[in-house]
Amino acid sequence: MPLPTLGPGLVPASAPETVQFSVRYALPEYVSFMWQHAGYIIRRRRIGTLATFWMQTKSTSSAALHFVAQGRSRHTYEFTIDTHGIVRASRSGVTLVPWGDVCSIRRYSRGFMMVLKRGTLPIPFRCLSHAQGESMARFGESVRAPARL
């Protein structure tokens, strides 16, 4: 059953329930997310196989170095995703992301990738129950629907 939409970036009140979970990222998992996402973005440019592979490798390597330099594997992130937006909390602070800043929610082999106006938020399947995974898919549909209008 499709969800009604309110406009660009807004999730309707009848959207899925609140999704709450915590995650501690591992480097191989993060690299997998970045490899798949870079591949999606770069392949859309249609620049050739060798150039695509080079750019994908360079982009993923840069993301991996950034992950290590920021010490992301040492932090546990608490997420709350609901009709108001996304809240990510850790020892270093709280990040609030309104739905207007969410461009899309893509599904990759290890989980969902929330593509924001400035950056991404990987959401591993291992952190979600089956019901939460379905809710994330519905949130993805809610975000995608306004783009089709």
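How many of the 149 residues of the protein chain count as buried? In this predicted model, the share comes to 41%. The accessible surface of the chain adds up to about 8,700 Å², and carbon and sulfur atoms account for 57% of that area.

The overall layout comes next. The chain is built with three helices and seven strands. Walking along the sequence, the order of these pieces reads β-α-α-β-β-β-β-β-β-α. What about contacts between residues that sit at least 6 apart in sequence? Of these, 57% link residues that are at least 24 apart.

Now for the pockets. The largest pocket holds about 360 Å³ of space. Its lining is made up of 18 residues, and the ones nearest its centre are Leu116, Arg118, Gly119, Thr120 and Leu121. Which strands help to line this pocket with at least two residues each? They include β2 (77-82), β4 (93-98) and β7 (119-124). Sorted by class, the lining of the largest pocket has ten nonpolar residues, five charged ones and three polar ones.

The second largest pocket contains about 200 Å³ of space. It is lined by 13 residues, with Ile105, Arg106, Arg107, Gly140 and Arg144 closest to its centre. Here a strand and a helix both chip in: β5 (102-108) and α3 (130-148) each provide at least two lining residues. Which element gives the most to this lining? That is α3, with six residues. As for classes, the lining of the second largest pocket counts eight nonpolar, three charged and two polar residues.

A few single residues help to fill in the picture, starting with Pro124. This proline belongs to strand β7, which also supplies at least two residues to the lining of the largest pocket. Is Pro124 buried or exposed? Pro124 counts as buried because its relative accessible area is 0%, and the cut-off for buried is under 20%. Leaving out residues up to four places away in sequence, Pro124 touches Val23, Tyr25, Glu29, Phe33, Arg110 and Gly111. Phe112 is twelve residues away from Pro124 along the chain, and the C-alpha atoms of the two are separated by 6.4 Å.

Asp101 sits in the loop between β4 and β5. With a relative accessible area of 30%, Asp101 is partly exposed. Which residues does Asp101 contact, once its neighbours within four places in sequence are set aside? The partners are Val115, Leu116 and Lys117. One of these, Leu116, is also among the residues that lie nearest the centre of the largest pocket. Another, Lys117, is 16 residues away from Asp101 along the chain, with 5.3 Å between the two C-alpha atoms.

Helix α2 covers residues 49-70, and two of its residues can be looked at side by side. Thr52 lies in this helix and has a relative accessible area of 11%, so Thr52 counts as buried. Not counting residues up to four places away in sequence, Thr52 touches Ile42, Arg43 and Ile47. Ser61 is found in α2 too, but Ser61 counts as partly exposed, with 37% relative accessibility. Where is Ser61 relative to Met34? The two are 27 residues apart in sequence, and 9.0 Å apart in space from C-alpha to C-alpha.

Last come the cysteines. How many disulfides does a search of the whole structure find? The count is zero. Cys103 has 44% relative accessibility, so Cys103 falls in the partly exposed group. Cys127, on the other hand, counts as buried because its relative accessibility is 14%.

Notes. Residues numbered from 1 in each chain as written. Predicted model: local features only at pLDDT ≥ 70, side-chain atom pairs only at ≥ 80, totals over all residues. Heavy atoms only, no water. Helix = DSSP H or I, 4+ residues; strand = E, 2+ residues; numbered from the N terminus. Buried < 20%, exposed > 50% of the residue type's maximum accessible area, 1.4 Å probe, protein only. Contact = heavy atoms within 4.5 Å. Disulfide = S-S within 2.5 Å. 1 Å grid on protein atoms, 1.4 Å probe; cavity = no way out; pocket = protein on both sides within 12 Å on 5 of 7 lines; lining within 4 Å. Points joined across faces, edges and corners; volume = space filled by probe spheres on them. Nonpolar A, V, L, I, M, F, W, Y, C, P; charged D, E, K, R; others polar. Areas by Shrake-Rupley, 256 points an atom, 1.4 Å probe, with all protein chains shown as cover.
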